[in-house]
Amino acid sequence: MKSRAAVAFGPNKPLEIVEVDVEPPRAGEVLVRIVATGVCHTDAYTLSGADPEGLFPTILGHEGGGIVEAVGDGVTSLEVGDHVIPLYTAECGECKFCTSGKTNLCGAVRATQGKGVMPDGTSRFSYNGQPLYHYMGTSTFSEYTVLPEVSLAKIPKEAPLDKVCLLGCGVTTGIGAVLNTAKVEEGATVAIFGLGGIGLAAIIGAKMAKAGRIIAIDINPSKFKIAEELGATDFVNPKDYDKPIQEVIIEMTDGGVDYSFECVGNVNLMRSALECCHKGWGESIIIGVAGAGEEISTRPFQLVTGRVWKGSAFGGVKGRTELPDYVRKAESGEIPLDTFITHNMKLEDINEAFELMHEGKSIRTVIHY
Ligand code: NAD
Ligand code: AHE
Ligand code: ZN
């Protein structure tokens, strides 16, 4: 079938809106009509060429909401008409990872996903007879996309897909990193570096956890207003200081924070986020994604003296099991998705969504098909 899609033909090139060919779902696969998709910084990161797994030409997009259009042989958990959120972190429930009880990372389709193909090693997308790569197993910048059954979370039909699509990445990631990865406890002092979709969602998570103090940090002060609305208590712009930001935060907090979250993807900031943690127990969670070849560093003494460095993918959330509850929380208003949606656009305008993100003018743009 034909599908309108925004194709990334090469790194740093504007996306081109073209009609691509989509093959029907094969065994264990599902064809989904994407109703809406958010644009996440990770899409921009891969488009920039910095992603070691970035392959071109490809169809980016991983924050979608859609409706099942067709199912392949052997698909049992989904049927035509079901509403779904695509998952870049699958949940097969059977692999070593899923059965470990220790992680949300799933091994079922991750290897082929990283190579831009379906589990059988081939692509369902082509343009002018040439195959296009899938992206993060989701490719939500195409009106029709094909995913493995294990990469789809079924959600209630009442939920508006043009809002709950944000639970496919940013909002869930920020909240989950606080609740699942850090397990922030009541009264804790938390520092959140970067107030985009991820950092703002981490503020919601910190409020849910009843953190005592939520320090919001960004070099773009226009982000502080929404951070305050969501519950941040302190606001820090590193540009206002002429000393390392970790020193500023340590002074503000009588020795450092209990938990910090890096929501930018800057390896120097990751160091600051670790080093602003309290001696003996402070934990820093890396959420931001850094480019090929970039590495983190700190004095090992920082860890010897009790600080802990962790990372979080999709907020430690098991999508098929847990996303329906996130959707319910969004429906009840406990997760205020509208606060994140600063712009709505048609697919044809998607390059503008990337520009707004780079200019720091948007939190999330939702693309409507
Ligand atoms: P965004 O562009 O919307 O927000 C980033 C924010 O960081 C902006 O407000 C920007 O002003 C701020 N910032 C930039 N440099 C800074 C600095 N030096 N100090 C303080 N603030 C600074 O991005 P986003 O969509 O919120 O994504 C944030 C990061 O999280 C990206 O690296 C993205 O790839 C990553 N991410 C990771 C996961 C995961 O599962 N681990 C999921 C989603 C996104
Ligand atoms: N491809 C990159 C890594 C990108 C990355 O870390 N992705 C996050 C999700 S970002 C969503 O916006 C993630 O979940 N990672 C775990 C995984 O399995 O991909 C690289 O460095 O190769
Ligand atoms: Zn994302």
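Let's start with helix α8, residues 267-275, in this predicted model. Seven of its nine residues are buried, so α8 is largely enclosed by the rest of the structure. If you want to follow on the screen, the buried ones are L269, M270, R271, S272, A273, L274 and E275. What covers these buried residues? The cover includes four strands and two helices you can click through: β10 at 189-193, β13 at 259-262, β14 at 283-286 and β15 at 308-311, along with α7 at 245-252 and α9 at 300-304.

Let's stay with α7 for a moment, since that helix holds I249. Is I249 buried or exposed? I249 has 25 other C-beta atoms within 10 Å, and the cut-off for buried is 20 or more, so I249 counts as buried. Leaving aside residues up to four places away in sequence, I249 touches A191, I215, V257 and C276. For a sense of distance, take R110: from I249 to R110 is 139 residues in sequence and 38 Å in space, C-alpha to C-alpha.

Just along from there is D254, in the loop between α7 and β13. D254 is not a glycine, yet its phi is positive, about 55°. With 8 other C-beta atoms within 10 Å, D254 is exposed.

Now let's zoom out. The protein has eleven helices and 17 strands, and 52% of its 369 residues are buried. The C-alpha trace spans about 60 × 40 × 40 Å along its principal axes. A compact globule with 369 residues would have a radius of gyration near 21 Å, and the protein has 20 Å, which agrees. As for contacts with a separation of 6 or more, 71% of them are between residues 24 or more positions apart.

How is the chain divided up? The domain assignment gives domain 1, made of 2-168 + 336-368, and domain 2, at 173-312. Their C-alpha centres lie 28 Å apart. Where they meet, twelve residues of domain 1 are in contact with twelve residues of domain 2. On the domain 1 side, the largest share comes from α1, with three residues. That side has six nonpolar, four polar and two charged residues by class. There is also a record to mention: an unreviewed UniProt entry places the feature "domain: Enoyl reductase (ER)" at residues 10-367. In the model, that span is 26% helix and 22% strand, and its end C-alpha atoms lie 21 Å apart.

On to the ligands. Which residues come nearest to ligand 1? Of the 33 residues around ligand 1, those are H41, G194, G196, I198 and G265. The elements giving two or more residues to this shell are α1 at 41-47, α4 at 170-182 and α5 at 197-208. Both domains take part, with at least three residues drawn from each of domain 1 and domain 2. By class, the shell around ligand 1 has 17 nonpolar, 14 polar and two charged residues.

Ligand 2 has its own set of neighbours: C40, T42, D51, P52, E53, T89, L105, R110, C169, V289, A313 and F314. You'll recognise R110 as the far partner in our I249 distance. The shell around ligand 2 has seven nonpolar, two polar and three charged residues.

I'll finish with a few local spots that are worth a look on the screen. One is the peptide bond from F56 to P57, which is cis, with omega near -5°. P57 lies in the loop between α1 and β4, the strand at 63-71.

Another is N128, in the loop between β6 at 125-127 and β7 at 130-132. Phi of N128 is near 50°, a positive value in a residue other than glycine. N128 has 8 C-beta neighbours inside 10 Å, so it counts as exposed.

And here is T342, in strand β16, residues 341-346. How does T342 count for burial, with 15 C-beta neighbours inside 10 Å? Exposed means 12 or fewer and buried means 20 or more, so T342 counts as partly exposed. Apart from residues up to four places away in sequence, T342 touches S362, I363 and R364. V366 is 24 residues from T342 along the chain, and their C-alpha atoms are separated by 8.3 Å.

Thanks, everyone, and I'm happy to go back to any of these on the screen.

Key: Residues numbered from 1 in each chain as written. Chains lettered and ligands numbered in written order. Predicted model: local features only at pLDDT ≥ 70, side-chain atom pairs only at ≥ 80, totals over all residues. Near = placed C-beta within 6 Å. Nonpolar A, V, L, I, M, F, W, Y, C, P; charged D, E, K, R; others polar. Domains from an automatic or database assignment. UniProt positions renumbered as here; feature names shortened; annotations may be inferred. Contact = placed C-beta atoms within 7 Å. Rg over C-alpha atoms; globule rule 2.2 N^0.38 Å.
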